[in-house]
Amino acid sequence: MYTWLRNGLFLLPPEMAHDVALNALSAGRFVGLPRLVGGCPRSAPVELMGLSFPNPVGLAAGLDKNGDHIYALGQLGFGFVEVGTVTPRPQPGNPKPRMFRLPEHQALINRLGFNNKGVDHLVDRLKSTRYDGIIGANIGKQKDTPVDEAAADYRFCLEKVHPHCHYITVNISSPNTANLRELQDTGHLREFLDELVRARNSLDESNETCRPLLIKIAPDWEPAALTASLEVIATSGIDGLITTNTTLDRTRVAGHAHADEAGGLSGAPVKSLADATLRRAREVLGTDFPIIGLGGITRGEDAADKRRCGADLVQIYTGFIYQGPRLVHDCIRAWQTVDEDTAA
Ligand SMILES: Cc1cc2nc3c(=O)[nH]c(=O)nc-3n(C[C@H](O)[C@H](O)[C@H](O)COP(=O)(O)O)c2cc1C
């Protein structure tokens, strides 16, 4: 059924197809459409960061930036849903076209640039959703906020979303907001994370809750710089890592008509870089540090690879666009096979 739907949607420009699909899914929730398409996969729950995830496969940030479709997406079988990235105020993002399909590579290139309706809109959606599963809120900085002042934007969003979600992701790895990735470098990172962890701790105290704070990193690193940043993360008080965001590398799509479009490449071509980043993160952070593996999962076996590289949970985005909700089930099954083999 999804293949048939996708073939129709792929006749539309990518961003329009995205809006049509999400609006149809949300409208269809009244007649149980999302559950019909997705179903309810069986899985052993995963206990991590004080949360109980019904299965290890989540929806990555960026598909539902504004939280307008949480309930419908939550019915597709995901173990958790991450919304955002949101910024303090609404912003339009980059001029269109800004999203491109590379179907031969099961890939997308996007340079959306944190287009979103602002954190207040997201908070309204979080307050009103009927979805009772785990929700992560992914936060970013305004396009025109200098990197040196970025922490204030993140703190602003953190305070707003803290009471209304289960965990918060600090996104410093989008390639589509100028200089954002500088926050990943050790020059900025320690001070930046110190400030956010302090803010989170005081919110936990005043709201009498514990909200895990995660950091989302890129797949594009010099090995020494990655190790240095991971060492800062290890001692920062941050509760978890999401690895990775999209890549700037075009080696694996060289020659494609869209290969030279500016933006982040996602889907199958990012997998080897994302897996290498994940493996290194597990080595540096040790066995107990929570890590969500992301990047290039287009088959169940790709999720199994993330598990073998050390992921505690996974997220998917581009593979979900190409494969639909079936991919969630395939990933859960493949994940369980790895766990059973390890236990045997
Ligand atoms: C169209 C598009 C928009 C995205 N927007 C965001 C975003 O707003 N925030 C974020 O943290 N990641 C965003 N991402 C990155 C994904 O969450 C994910 O990290 C990346 O695509 C790699 O995973 P994948 O290969 O499964 O797609 C976006 C990705 C795509 C394709």
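Is Glu301 buried, partly exposed or exposed? In this predicted model, Glu301 counts as partly exposed, because its relative accessibility is 36%. The cut-offs place a residue in this class when it is neither under 20% nor over 50%. The side chain of Glu301 meets that of Arg308 in a salt bridge, with an N to O distance of 3.0 Å. This pair belongs to a network of salt bridges with shared partners, which joins Lys271, Asp275, Glu301, Asp305, Lys306 and Arg308.

Another pair in the network is Lys271 and Asp275. Their closest N and O atoms are 2.8 Å apart, and the two residues form a salt bridge. Both residues lie in helix H9, which spans residues 271–285. They are 4 residues apart, about one turn of the helix. Lys271 and Asp275 are both buried.

The whole structure holds 22 salt bridges. One of them links Asp144 to Arg89, with 3.7 Å between the closest N and O atoms. Asp144 sits in the loop between E7 and helix H6 (150–161), and Arg89 in the loop between E4 and strand E5 (99–102), so the salt bridge ties together parts that are 55 residues apart in sequence. Asp144 is exposed, because its relative accessible area is 60%. Arg89 has a relative accessible area of 44% and is therefore partly exposed.

The strands provide the next part of the picture. A barrel is closed by 8 strands, in the order E3-E4-E7-E8-E9-E10-E12-E13, with parallel pairing. On average, neighbouring strands of this sheet are turned by 25° against each other, direction ignored. Strand E3 (residues 57–59) runs parallel to strand E4 (residues 80–86), and 2 bridges join them. Here Leu59 stands opposite Val81 of E4.

Two helices pack on the sheet. Helix H5 (residues 119–128) touches E4 and strand E7 (134–139). The direction of H5 makes about 155° with that of E4. Helix H7 (residues 186–207) touches strand E8 (167–171) and strand E9 (213–217). The direction of H7 makes about 150° with that of E9.

Strand E7 pairs with E4 on one hand and with E8 on the other. The pairing of E4 with E7 is parallel and covers 6 bridges. Within that pairing, Val81 stands opposite Ile135 of E7. Val81 thus links the description of both neighbours, since Leu59 also stands opposite this residue. E7 and E8 also run parallel, joined by 4 bridges. Asn138 stands opposite Thr169 in E8.

E7 is mostly covered, with 6 of its 6 residues buried. Ile134, Gly136 and Asn138 point one way from the strand. Ile135, Ala137 and Ile139 point the other way. The residues on both sides are buried.

At the N terminus, Met1 is found in the segment before helix H1 (2–9). Met1 counts as exposed, because its relative accessible area is 59%. Together with Trp4 and Leu5, Met1 makes a nonpolar surface patch of about 390 Å². Met1 and Gly324 are 323 residues apart in sequence. In space, their C-alpha atoms are 9.3 Å apart.

Notes
Residues numbered from 1 in each chain as written. Predicted model: local features only at pLDDT ≥ 70, side-chain atom pairs only at ≥ 80, totals over all residues. Heavy atoms only, no water. Patch = residues over 30% accessible without salt bridge, like charges linked within 9 Å, V, L, I, M, F, W, Y side chains within 5 Å. Areas by Shrake-Rupley, 256 points an atom, 1.4 Å probe, with all protein chains shown as cover. Salt bridge = Lys/Arg side-chain N within 4 Å of Asp/Glu carboxyl O. Buried < 20%, exposed > 50% of the residue type's maximum accessible area, 1.4 Å probe, protein only. Pairing = 2+ DSSP bridges. Axes fitted to C-alpha atoms, helices over the stretch in contact; angles between N-to-C directions. Contact = heavy atoms within 4.5 Å.
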